[in-house]
Amino acid sequence: MCLSALALFLLFQPNSIPTWKIGAVFALLAALGQASYLIIRRLLTHYSSSLLMFLNTLVGIVVIGCLGLFFEQAFYFGGGIVSLSVNTWLVTVLFGFTNFLAWFFMTKGFELYSAATGSLVLLTELIFGIVFALAFFGEIPTILSFVGGGLILISSVVVITRGNG
């Protein structure tokens with residue numbers, strides 16, 4: 001866990017506060033939401049993963065929908081939503097569907113492996129983010145990003161090979 005925390009610290013690079021404040025808040029909320037979901041999932045083992053995943057997604061849609069209506073009133077009530085192209089709607093639906101599938105497979109994975117193993121493997125998402133940022137946007141990762149990514153990979157391999165899953 002200490003190795004993973006250090007890796008996250010290096011990847012977040014909290015020294016440039018103006019650029020990461022809002023992202024850090026969203027990341028913290030996402031982490032708290034995911035941790036709550038995993039804890040609740042462990043307490044509700046008599047319910048199927050599929051049902052809990054559906055309910056989790058439904059709650060997420062309602063919460064995000066309400067926040068969107070609250071913060072983007074001009075877009076929804078000022079006619080902005082009707083001007084979206086078909087391509088925008090297709091990408092949005094595709095993104096929502098693939099996001100649901102990712103969460104569904106994660107939930108199924110937690111039925112097969114321990115939370116310790118699953119949580120560390122989930123951190124590899126950050127490594128893919130760095131790789132995709134390089135591939136699609138030409139962003140050059142910093143040395144700290146490489147070190148943090150390496151620490152995530154090492155901690156994942158150690159936990160998986162030690163049989164804690």
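## Exercises on an eight-helix chain

Along its sequence, the protein chain runs α-α-α-α-α-α-α-α. Helices here are DSSP runs of H or I with at least four residues, strands are E runs of at least two, and numbering starts at the N terminus. The model is predicted, so local features need pLDDT of at least 70 and side-chain atom pairs count only at pLDDT 80 or more, while totals for chains, interfaces and linings use all residues. Residues are numbered from 1 along each chain as its sequence is written, and side-chain values use heavy atoms, leaving out hydrogens and water.

**Exercise 1. Find out how many helices and strands the protein chain has, and what share of its residues is buried.**

Step 1: The secondary structure comes to eight helices and zero strands.
Step 2: Buried means under 20% relative accessible area, exposed over 50%, and partly exposed in between (1.4 Å probe, protein chains only).
Step 3: By that rule, 20% of the 165 residues of the protein chain count as buried.

**Exercise 2. Work out which residues make up the largest nonpolar core, and which helix gives the most to this core.**

Step 1: A nonpolar core is a set of buried Ala, Val, Leu, Ile, Met, Phe, Trp, Tyr and Cys residues joined through side-chain atoms within 4.5 Å.
Step 2: The largest one has six residues: Y37, L38, M53, F104, M106 and F110.
Step 3: Helices α2 (17-43) and α5 (86-112) each supply at least two residues of this core, and α5 gives the most, with three.
Step 4: A second, separate core has five residues, including L120, L123, I152 and V159.

**Exercise 3. Compare the span of α5 with the expected one, then decide whether T107 is buried or exposed.**

Step 1: The expected span of a helix is 1.5 Å times one less than its number of residues.
Step 2: With 27 residues, α5 reaches 39 Å from its first C-alpha to its last, close to the expected 39 Å.
Step 3: T107 is found in α5, and T107 is buried because its relative accessible area is 2%.
Step 4: F104, M106 and F110 are also buried in this helix.

**Exercise 4. Locate F54 and name the residues of its nonpolar surface patch.**

Step 1: F54 lies in helix α3 (residues 49-71), and F54 is partly exposed, at 48% relative accessible area.
Step 2: Patches use residues with over 30% relative accessible area and no salt bridge, joining like charges within 9 Å and nonpolar side chains (Val, Leu, Ile, Met, Phe, Trp, Tyr) within 5 Å. A salt bridge is a side-chain nitrogen of Lys or Arg within 4 Å of a carboxyl oxygen of Asp or Glu.
Step 3: Y47, L51, F54, L55, L58 and V62 make a nonpolar patch of about 540 Å². Accessible areas come from the Shrake-Rupley method with a 1.4 Å probe; for residues, only the protein chains shown count as cover.
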